[in-house]
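Let's take a walk through this structure together. Have the sequence and the coordinates at hand as we go.

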Amino acid sequence: MHEFAIAYDLYSTARRAALDNKAEQVKRVCVDIGEMAMVNPEQVRFLFQTLTEDDPLFAGAELDCVIIEPESRCSCGYSGNERFVCPQCGSLPELVRGREIVVRHIEIEVADA
Ligand SMILES: [Zn+2]
C-alpha cells in the first residue's frame, strides 16, 4: 500500500502541474526515486498506469523512474555513498540524499493559443 500512496501522490502532483500549465495532454512524468525510499519502481509505475487509465489528460502518459543513489555526510568530514557506517570514523553518517520521491519534470502538450 506504500507504493499506492506514492503513485497517487505522483499522479496528483503531475495533474496539478499539468493544469497549472494549461496542458491538454501529459506525455511523460519523470520521477526521482531514492534508493533508500524502499519502494519498488516497477510497482509504482504499474499503479500509476492504473490510476491514470481513466483520466483523458494522462492518456498514454508514461512514468519514468530514475533511481537516486544514496549520499551521506558525516560529522568527521566524510561524504560519499556509504549508508550505515562511516568508513573514516565508524559512526552513523547522515543521509542527505536517497530517501526522496519527487516529480522532476513533466512533459505536456499545450493547446495552441
Ligand atoms: Zn565519520
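Which exposed residues does helix 1 carry on the face turned away from its buried side? They are Arg16 and Asp20. Here, buried means under 20% relative accessible area, exposed over 50% and partly exposed in between, with a 1.4 Å probe and protein chains only. Helices (H or I, at least four residues) and strands (E, at least two) are DSSP runs, numbered from the N terminus.

Before going further, please note that this is a predicted model: local features need pLDDT of at least 70, side-chain atom pairs count only at pLDDT 80 or more, and totals for chains, interfaces and linings use all residues. Residues are numbered from 1 along each chain as its sequence is written, and side-chain values use heavy atoms, with hydrogens and water left out.

Now turn helix 1 over. Glu3, Ile6, Ala7, Leu10, Tyr11, Ala14 and Ala18 are buried there. Viewed down the helix axis, these buried residues fall within an arc of 135° (taken from the directions from the axis to the C-beta atoms), so they line one face of helix 1. An α-helix has 3.6 residues a turn, so residues three or four places apart point the same way. The buried residues of helix 1 pack against strand 1, helix 2 and strand 6 (101-110), where contact means heavy atoms within 4.5 Å. Just after the helix, Lys22 has a positive phi of about 55°.

That packing brings us to the interior. The largest nonpolar core (buried Ala, Val, Leu, Ile, Met, Phe, Trp, Tyr and Cys residues joined through side-chain atoms within 4.5 Å) has 22 residues, and Val26, Val29, Val44, Phe58 and Leu63 have the most contacts inside it. Two or more residues each come from helix 1 (2-20), strand 1 (23-34), helix 2 (41-52) and strand 2 (62-68), with helix 1 giving the largest share, six residues. Beyond four places in sequence, Val26 touches residues including Ala18, Phe58 and Ile108.

Finally, look at the zinc ion. Its protein donors (N, O and S atoms within 2.8 Å; water is not among the atoms, so sites may look incomplete) are the SG atoms of Cys74, Cys76, Cys86 and Cys89, lying 2.2 to 2.3 Å from the ion. In sequence, the donor residues are spaced C-x1-C-x9-C-x2-C. The four donor atoms subtend angles of 105 to 115° around zinc, which makes the arrangement tetrahedral (all angles between 85 and 135 degrees). Cys86 counts as buried because its relative accessibility is 2%, whereas Cys89, at 43%, counts as partly exposed.

Notes: Donors = N, O, S within 2.8 Å, 3.2 Å for Na, K, Ca; no water. Tetrahedral: all angles 85-135°; square planar, octahedral: opposite > 155°, others 65-115°.
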